[in-house]
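Biologist: Could you take a close look at one part of this model for me, the place where two helices cross, and then show me what lies around that spot?

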Amino acid sequence: MSTAEAPRTVTASPVLELQLDCRSEAVGPARHLATAFLEQLEPAVERDAREAVILVVSELVTNAVRHAGGKVCTLRLRAGPESVVVDVNDSSPVLPRPRTPDVTGEGGGFGWSMACRIATVVKIKRESAGKTVTAIIPRQDRDSS
């Protein structure tokens, strides 16, 4: 006897919002909590997409820590049926820009370009006190659709 399986839907809380101290120590916990958030979603986010979200979280939070100059930044993750949205808000009005990567490993310059390549959409919104950078990552690999 066979039974039809009900379609899976997003059953976990589809939003995570964290206020982080703008210190380098904030990046690890942001990655850890983003990983836990993604692992609880149903249907599951594909492995490559999970890794992409974690990398984008890491890069955007790192950029806020290194370049915003504020005391706190906010990470917000939203899961929809087709994508995961990463928002990082900080208090700096200075918009991110590509820089020449420092291949010596001391000065960075890789993160912003990498986040822009990984996400299908990257937007920057000026706020009354700073900005919010938004990156949208598909839940499934674009090539497997």
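Modeller: Sure, let's start with the crossing: α2 and α3 cross in a left-handed way, meaning that the near helix is turned anticlockwise from the far one by less than a right angle. Keep in mind that this is a predicted model, where local features need pLDDT of at least 70, side-chain atom pairs count only at pLDDT 80 or more, and totals for chains, interfaces and linings use all residues. Residues are numbered from 1 along each chain as its sequence is written, and side-chain values use heavy atoms, with hydrogens and water left out.

The contact (heavy atoms within 4.5 Å) is built from Ala52, Leu55, Val56, Glu59, Leu60 and Asn63 on α2, and from Gly111, Trp112, Met114, Ala115 and Ile118 on α3. Eight of these residues are nonpolar, two are polar and one is charged; here Ala, Val, Leu, Ile, Met, Phe, Trp, Tyr, Cys and Pro count as nonpolar, Asp, Glu, Lys and Arg as charged, and the others, Gly among them, as polar. Helix α2 covers residues 47-68 and α3 covers residues 111-118, and they pack at about 145° with their axes 9 Å apart. Axes are lines fitted to C-alpha atoms, for helices over the stretch in contact, and angles run from 0 to 180 degrees between N-to-C directions. Helices (H or I, at least four residues) and strands (E, at least two) are DSSP runs, numbered from the N terminus.

Now for the surroundings: α2 also lies across β1, β2, β3 and β5, running at about 10° to β3. Strand β3 (residues 83-90) is joined to the antiparallel β5 (residues 130-138) by eight bridges; strands pair if DSSP finds at least two bridges between them. Val84 sits opposite Ile137 in β5.
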